[in-house]
Amino acid sequence: MVAAIQRARQDLLGLVRETPAWQWQGHRLAALGPANATVWLKLELFQHTGSFKPRGCLLAMQALTPEAREQGVVAVSAGNHGMAVAYAARALGTTAVVAMPSTADPARIAAVRALGAEVVLEPDIAAAFARAAALRDASGRSLVHPFEGEAQALGTATLGFEFLRQTGQLDALFVAIGGGGLAAGVACAVKQFQPRCRVFGVEPVGADSMHRSFAAGSPQRIERVTTIADSLGAPMALPYSYGLCRRFVDELVLVDDDAICRAMALLFADGKLAVEPAGAASTAAMLQLRERLAGQRIGVVVCGANVAPAVFADCLRRGSAELP
């Protein structure tokens with residue numbers, strides 16, 4: 001796996017940014033976070049399209065045959081994955097169609113179109129998945145899955161490897177789980193290079209498919225998604241990413257929407273970082289476990305920042321009351 005991660009890094013050269021790792025220091029973090037800890041943030045919100053997603057999308061498209069790439073790709077997304085697919089398609093000289101729920105943030109829909117993809121709207125995410133599959137079958141386009149598969153895991157593994165190179169030895173690392181592709185790759189990389197580092201996978205209370213999957217011993221589906229962290233709202237876990245998470249993630253943490261809003265407010269107040277709810281979930285989990293983390297070197301993956309201004313403002317109002 002180490003050699004595969006190294007090859008993936010080479011394949012992504014010039015196509016993705018090596019995003020910064022920033023040592024977070026601030027009086028609010030000192031008051032609310034783990035005592036005497038060193039906290040590093042992996043600022044993947046500064047990646048192309050504003051999230052970690054291009055890494056895996058680019059690798060998935062690079063793996064296509066020339067004939068398949070000529071046919072183009074299709075994807076399903078509520079936002080971040082669609083933007084990444086559009087970016088990757090343009091970077092690699094192909095075309096993309098993205099099926100999106102009509103309930104998606106209009107700014108995200110506009111961003112997917114602005115990056116050059118065709119958008120087709122469906123009533124909800126389930127219908128969007130069905131439309132993407134139909135488009136694949138009818139047009140011959142290749143489906144770029146939002147989180148499942150080797151390419152997605154290798155892409156996010158490059159993020160984990162970069163982070164460790166930037167920070168040195170960590171005692172704990174927090175990474176969000178939607179479908180599981182981000183956590184699968186990051187955790188796999190961390191355990192290859194720093195096996196003593198404890199990896200915490202973080203889910204919102206209203207989208208806990210990985211928690212249910214761990215409990216059942218197999219990938220599970222949830223009935224509905226009810227969280228402000230819509231980028232983490234995958235309706236199911238799937239075998240490849242589930243398997244990597246089960247092997248390499250040490251512990252799962254659930255955070256509620258109030259905790260996510262508090263973390264957004266703290267990141268903005270102390271770090272001047274305007275992140276989406278999904279991007280603050282890992283910070284929320286670190287704050288929740290602060291008593292266990294005293295004196296440790298901690299890594300936190302800030303995975304994205306694609307949020308409408310009105311939603312961001314509402315979250316700040318909701319989360320700011322308890323800040324020092």
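This is a tour of selected helices and strands in a predicted model, with a selection to make at each stop.

**Stop 1: helix H1**

Select residues 2–11, which form helix H1. Colour Ala4, Ile5, Ala8 and Arg9, the buried residues of this helix. Looking down the axis of H1, these buried residues fall within an arc of 145°, so they line one face of the helix. An α-helix has 3.6 residues a turn, so residues three or four places apart point the same way. Now add Arg7 and Gln10, which are exposed on the other side of H1. To see what the buried residues of H1 pack against, show helix H3 (54–62), helix H8 (150–167) and helix H9 (181–193).

**Stop 2: the open sheet with S3 and S6**

Next, display the open sheet of 4 strands, whose order is S5-S4-S3-S6. The pairing in this sheet is parallel. Which strands are at the edges? They are strand S5 (118–122) and strand S6 (142–143), each of which pairs on one side only. Zoom in on strand S3, residues 73–76, which runs parallel to S6 and is joined to it by 2 bridges. Val73 is a useful residue to pick here, with Ser142 of S6 opposite.

**Stop 3: helices H5 and H6**

Select residues 80–91 for helix H5 and residues 106–114 for helix H6. Their axes lie 8 Å apart and the packing angle is about 10°. Angles under 35 degrees count as roughly parallel, so H5 is roughly parallel to H6. Show side chains for the contact: H5 contributes Gly82, Met83, Ala86 and Arg90, while H6 contributes Arg108, Ala111, Val112 and Ala114. Sorted by class, the contact of H5 with H6 has 5 nonpolar, 1 polar and 2 charged residues.

**Stop 4: strand S10 and its partners**

Move to strand S10, residues 297–302. Of its 6 residues, 5 are buried, so the strand is largely enclosed by the rest of the structure. Add strand S2, residues 38–43, which pairs with S10 in the parallel sense over 6 bridges. In this pairing Thr38 stands opposite Arg297 of S10. Then add strand S7, residues 172–176, which also pairs with S10 in the parallel sense, over 3 bridges. Pick Leu173 here; its bridge partner in S10 is Gly299.

**Stop 5: helix H10**

Select residues 209–216, helix H10, and colour the buried Ser209, Met210, Ser213 and Phe214. Seen down the axis of H10, the buried residues fall within an arc of 135°, so they line one face of the helix. What covers them? The cover includes strand S8 (198–204), helix H11 (239–248) and strand S9 (251–255). Step past the end of H10 to Gly217, which follows the helix and has a positive phi, near 80°.

**Stop 6: helices H12 and H13**

Finish with helix H12, residues 257–271, and helix H13, residues 277–288. They pack at an angle of about 95°, and their axes are 7 Å apart. The two helices are therefore roughly perpendicular to each other. From H12, show the contact residues Ala259, Ile260, Ala263, Met264, Leu266 and Leu267. From H13, show Pro277, Gly279, Ala280, Ala281, Thr283, Ala284 and Leu287. By class, this contact of H12 with H13 has 11 nonpolar and 2 polar residues, and no charged residues.

Technical notes: Residues are numbered from 1 along each chain as its sequence is written. This is a predicted model: local features need pLDDT of at least 70, side-chain atom pairs count only at pLDDT 80 or more; totals for chains, interfaces and linings use all residues. Side-chain values use heavy atoms; hydrogens and water are left out. Axes are lines fitted to C-alpha atoms, for helices over the stretch in contact, and angles run from 0 to 180 degrees between N-to-C directions. Angles under 35 degrees count as roughly parallel, over 145 as roughly antiparallel, 65 to 115 as roughly perpendicular and the rest as oblique. Contact means heavy atoms within 4.5 Å. Ala, Val, Leu, Ile, Met, Phe, Trp, Tyr, Cys and Pro count as nonpolar, Asp, Glu, Lys and Arg as charged, and the others, Gly among them, as polar. Two strands pair if DSSP finds at least two bridges between them. Buried means under 20% relative accessible area, exposed over 50%, partly exposed in between (1.4 Å probe, protein chains only). The arc is that of the directions from the helix axis to the C-beta atoms.
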